[in-house]
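Hi everyone, thanks for coming. I'll walk you through a structure that may be new to you, so have it open and follow along as I go.

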Amino acid sequence: MKQLFEPVIFADQKTFIWDYQIYSDTYYKGYYHWHQCCEIMFVHGGQGNVVVNQQMYDIRQGMLFFFQPYQLHRIYSEVSPACPFQRTIFYIDPQVAENLLQGFAKRKAMFTALWQGKDMQYAFDLGERSGILEWALMNYEQSTQGNTEEDAESLTMLLLQLLNCIGTGDPLLLHTGEHRKLRYSEKIMGWIEEHYHEEVNLEQLAEEIHLSKSYVSRIFHQETGGRLVDYLTARRIKQACRLLGTTDMSVEQIGIAVGFPNASYFNQLFKRVLGTTPLKYRKSN
């Protein structure tokens, strides 16, 4: 399991990191992780899925995904030379984005809702508007080639075009009113959300979602491309990080609170997936 927290380093006073048309055609497994800033991903082509906020979304051309700071998510794509995964990803500090959007009240409110709101829509099928965003991304890439300094005006234009493609500018429309039938993996993630701090009982989980015990892990892997145990570990460690940063609870108490009654195992697992000990993590945040 790779490290969960991936800090985005804005070097040389830069406030924006841009990776245009990343191409993968041999291997792209994906793993659960989060960043300290906003991550926006536009899909030029490929197939797979994205897991975020206990929901799973299909990857396809024209999809745009918005991940909030410190939001646990996983991107998985089934790649091959015949079906590569092509995407543009950019990272930006939300405060920087809001400063750039000063003077555009509706778009600023929309961006604020995206990065601060709860129960938001995180996946957008742009449909015919995907061509507009494709053009905007290409234009920004061409305008920045060879430039060592950031162009605030071009970046502001890119943000405005992106927000225009997402919706009408009304932040209330970003709340998801989706009532589709949940996949089994989403039911499993919902159950884990309620029980991750306990000793997880696979038999109880299987009974509550009306599956056989042997099928639970298999269907989770089939639908998401990831292992159930990795999702459970990621969710527990994510909560441990929150408690380390917001409470005075001891490391042992936090381990128990997130489902790890064995303090030694909690410390070892935390260091393995975050690259540091719980105490060092607390001191650095």
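Let's begin with strand β2, residues 38-45, which is mostly covered: eight of its eight residues are buried. Before we go on, please keep in mind that this is a predicted model.

Who are the neighbours of β2? On one hand there's strand β7, residues 85-92, joined to β2 by seven bridges, with the two strands running antiparallel. If you want landmarks, click on C38 and you'll find its bridge partner in β7 is I92. Another landmark is F42, which stands opposite T88 in β7. Then there's strand β5, residues 63-67, also antiparallel to β2, with four bridges joining them. For that pairing, look at M41, which stands opposite F65 in β5.

Now hop over to β7. Is β7 largely enclosed or largely open? Seven of its eight residues are buried, so β7 is largely enclosed by the rest of the structure. Besides β2, strand β7 also pairs with strand β1, residues 16-24: seven bridges join β1 to β7, again antiparallel. One spot to check there is D19, whose bridge partner in β7 is I89.

Okay, on to the rings. How many aromatic pairs does a search of the whole structure find? The answer is 15. Take W18 and Y20 as an example: their ring centres are 5.7 Å apart and their planes sit at just 5°, so we call this pair stacked. These two don't get identical labels for accessibility, by the way. W18 counts as buried because its relative accessibility is 17%, under the 20% cut-off. Y20 is at 23%, so it counts as partly exposed.

For another arrangement, go to F266 and F270. This aromatic pair is edge-to-face, with 5.9 Å centre to centre and 70° between the planes. Why are they separated by about one helical turn? Because they are four residues apart in helix α10, residues 263-274. Both rings are tucked away: F266 is at 0% relative accessibility and counts as buried, and F270 is also at 0% and buried.

Back to W18 and Y20 for a second, since they belong to a bigger group. F16, W18, Y20, F90 and Y140 form one aromatic cluster.

While we're on rings, a couple of charges sit over them. R74 lies over the face of Y32, 5.6 Å from the ring centre. And K238 lies over the face of W34, at 5.2 Å from the ring centre.

Let's turn to a helix now. Helix α8 covers residues 228-246, 19 residues, and reaches 27 Å from its first C-alpha to its last, close to the 27 Å expected at 1.5 Å a residue. Is α8 largely enclosed or largely open? Of its 19 residues, 15 are buried, so α8 is largely enclosed by the rest of the structure.

That brings me to charges meeting charges. Side chains of opposite charge can pair when their charged atoms come close. How many salt bridges does this structure hold? It holds six.

One of them starts right in α8. R235 forms a salt bridge with E193, and the closest N and O atoms are 2.9 Å apart. This pair links distant parts of the chain: R235 is in helix α8 and E193 in helix α5, residues 184-195, with the two positions 42 residues apart. R235 counts as buried, at 13% relative accessibility, while E193 counts as partly exposed at 26%.

Next up, the side chains of E203 and K213 meet in a salt bridge, 3.7 Å from N to O. Here too the pair links distant parts of the chain, with E203 in helix α6, residues 202-208, and K213 in helix α7, residues 213-224, ten residues apart. K213 counts as partly exposed, with 44% relative accessibility.

And the last one: the side chains of E186 and R183 meet in a salt bridge at 3.9 Å, N to O. E186 is buried, with a relative accessible area of 2%, whereas R183 is partly exposed at 23%. There's a third member to this story, too. Salt bridges that share partners join D58, R183 and E186 into one network.

That's my tour. Happy to go back to any of these spots on the screen.

Technical notes
Residues are numbered from 1 along each chain as its sequence is written. This is a predicted model: local features need pLDDT of at least 70, side-chain atom pairs count only at pLDDT 80 or more; totals for chains, interfaces and linings use all residues. Side-chain values use heavy atoms; hydrogens and water are left out. Rings of Phe, Tyr and Trp (its six-membered ring) pair if their centres lie within 6.5 Å; planes under 30 degrees apart count as stacked, over 60 as edge-to-face and the rest as tilted. Buried means under 20% relative accessible area, exposed over 50%, partly exposed in between (1.4 Å probe, protein chains only). A charge sits over a ring if NZ of Lys or CZ of Arg is within 6 Å of the ring centre and within 35 degrees of the ring normal. Two strands pair if DSSP finds at least two bridges between them. The expected span of a helix is 1.5 Å times one less than its number of residues. A salt bridge is a side-chain nitrogen of Lys or Arg within 4 Å of a carboxyl oxygen of Asp or Glu.
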